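These are my notebook entries on a structure I wanted to go through element by element. I begin with the sheets, then turn to the cores and to the contact between the chains.

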Amino acid sequence: MILRTAYFLKRALRNMRQSPVLSMASVGTVAVALALLAFFAIAVLNVQQLTASWGETLAIVVYLDDVPDEKTVNGWVKDIENYPETSKVTFVSRQSAFERFLKRLGDDADLIEGLGAEILPASLEISLGDDWRSEAAIATVVERLRSDHRFNDLQYGQGWLEKLQAFLLLLRVSGSALGGFLVFAALVIVTNTIKLTLYARQDELEAMAMVGGTSLFIKLPYLVEGALQGLLGGVTALGLSFLVFQVVLQKSLGSLLLITGIDTIHFLPLIWQGMLVVGGSLIGLLGSLFALRKFVRFGSS
Amino acid sequence: MIQLFNVCKVYQGDQNALSDITLKIEKGEFVFLTGPSGAGKSTLLKLLYCAERPTRGQILVNGRNITRYGAARIPYLRRNFGIVFQDFKLLVRRTVFENVAFPLEVHGRKRIEISKKVYQTLKSVGLEHRLNYYPLQLSGGEQQRVAVARALVVDPLILLADEPTGNLDPEVTLDIMELFKNANARGTTIIMATHDRNLIRMFPRRIVSLAGGSLAVDDLPLFQGSAGTTGQS
């Protein structure tokens, strides 16, 4: 069994060596299709993280014109924390708000030189639970807060969140559509590339059939070849997307993206990386399978 | 060994290639299949190794009816045959050794066994010194000898040769015929399609002659005994 596997592997590698251009075309096609898919996955992943973090921070802010004593504030915090939709309530004093503002201004902090913490209001920042980050839940909480005379200056990033979620949905849908199209295109190209190699080796296929090679014996090296090409394409796609991630996303766009509130830009998780490589092999394998479907015959009937 | 009963083959477009052929070839026989171009010689050979299927009739090989063999059984049937073609059909990107080793790989033989058997067979056709050559580096005669070695390496029960000397000069033709004679002497049944009358005269064997897809003559050479069937029975 092991000897047989080694034999088929050897023949597949030999086939690839004998048709380097066609092999490279297959590998390249799979690599480009999967790399584009990987870029989309990286974008979706990070925007998803962004919406999650914005969803958490951009919940509801209650501005306090007059800051009551600590005991009263703690009472308010507790009251709001008792809402079922609430996951966390944070009191941000004028001073904390001012420090946060200064930090965000960075090098431009001198713009507010001479001004003190009194320019900013204190606030209560209300984060909602994971299951409650919806338009309806925010509206319910806002309604409840409005009905309470203690809180009247409310701000919530509902519009932003919804826009961001819509953008994420668009990204997912377009990514899936484009990804599906690219995978299909890769499949068609791999199928045709392997068909070309089969045409080039038709004499070999005929000879194999003539001396008593079974269908599986004849097809297996080509299936292994397709899977190997797909595997190489998958690995190349992974390398390519990692390179782009390192050079473009982290170095060039990293600082730009940090402004939006993303602390770190993430690459694909390990399982996705594995899926990319396995996906490449599958594309290659299926491409070979389609190419071989009507190719190996044992004479007309 | 081989029996054909009322075999007909009609290709698409109503082209009648074979009509009502009934034939029996015994184990160990050497049969010349003759007739002009288009007589149906190649079609008859193709029917034997299931590259074509008969439109009507039955074919028995080694006692088994192969007429309705499915695709899965054909490879195993073909392992009983060695096939030699006029145009050699060698794999040009493989060495002489690899070409001859090929059928043994298909049969799943062990590597060491393959090496030994290939060397022996190439020695028997006088090409052991060309092991690592590629087919296109050889003369036509040498290429055909490689093709014969590829057919004989598996010790086939039946050797089918479709105009194997058609592209060769007379001297090389004699070499190839010697190889066939030796294989026949070892018990291999040989069916050789040819229209070379000189060859048939030089190597008197049973002659099955086709004309327009029908059996015209089935005759034994005079010195071997009485005449067989003449014409279609």
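In what order do the four strands of the open sheet in chain B stand? I am working with a predicted model, and in it I read the order as β2-β1-β4-β5, with antiparallel pairing. I then looked at the edges, where β2 (15-25) and β5 (64-65) of chain B each have a single partner strand, so that one side of each is left without a neighbour in the sheet.

Within this sheet I followed one pair further: strand β1 (residues 2-11) of chain B and strand β4 (residues 56-61) of chain B are joined in the antiparallel sense by five bridges. As a point of reference along that pair I noted Leu4(B), which stands opposite Ile59(B) in β4(B).

Next I looked up the sheet in chain A. This is an open sheet of four strands in the order β2-β3-β1-β4, with antiparallel pairing, and β2 (86-92) and β4 (153-156) of chain A are its edge strands, each pairing on one side only. From one strand to the next I have a twist that averages 20 degrees.

For the edge strand β2(A) I recorded six bridges to strand β3 (residues 122-128) of chain A, the two running antiparallel, and in β3(A) I found Leu124(A) as the bridge partner of Phe91(A). Across β2 and β3 of chain A lies helix α3 (residues 70-81) of chain A, which runs at about 160 degrees to β2(A).

Which residues touch the most other members of the largest nonpolar core? Of its 104 residues, I listed Leu34(A), Leu48(B), Val100(B), Val148(B), Ala149(B) and Leu160(B). The element that gives the most to this core is helix α8 (residues 215-252) of chain A, with 12 residues. Taking Val148(B) from the list, and leaving aside its neighbours within four places in sequence, I found this residue in contact with Val84(B), Val125(B), Ile176(B) and Leu179(B). Another core, of 12 residues, lies apart from the largest one, and Ile60(A), Ala122(A), Ile126(A) and Ile138(A) are among its members.

Last, I turned to the contact between the chains, where 18 residues of chain B meet 16 residues of chain A. On the chain B side, the elements that give two or more residues are α2 (74-78) and α3 (96-106) of chain B, and α2(B) gives the most, with four residues. Sorting that side by class, I have 11 nonpolar, one polar and six charged residues.

How values were computed:
Residues numbered from 1 in each chain as written. Chains lettered and ligands numbered in written order. Predicted model: local features only at pLDDT ≥ 70, side-chain atom pairs only at ≥ 80, totals over all residues. Contact = placed C-beta atoms within 7 Å. Nonpolar A, V, L, I, M, F, W, Y, C, P; charged D, E, K, R; others polar. Pairing = 2+ DSSP bridges. Core = buried A, V, L, I, M, F, W, Y, C linked by C-beta atoms within 7 Å. Buried ≥ 20, exposed ≤ 12 C-beta atoms within 10 Å, placed from the backbone. Axes fitted to C-alpha atoms, helices over the stretch in contact; angles between N-to-C directions.
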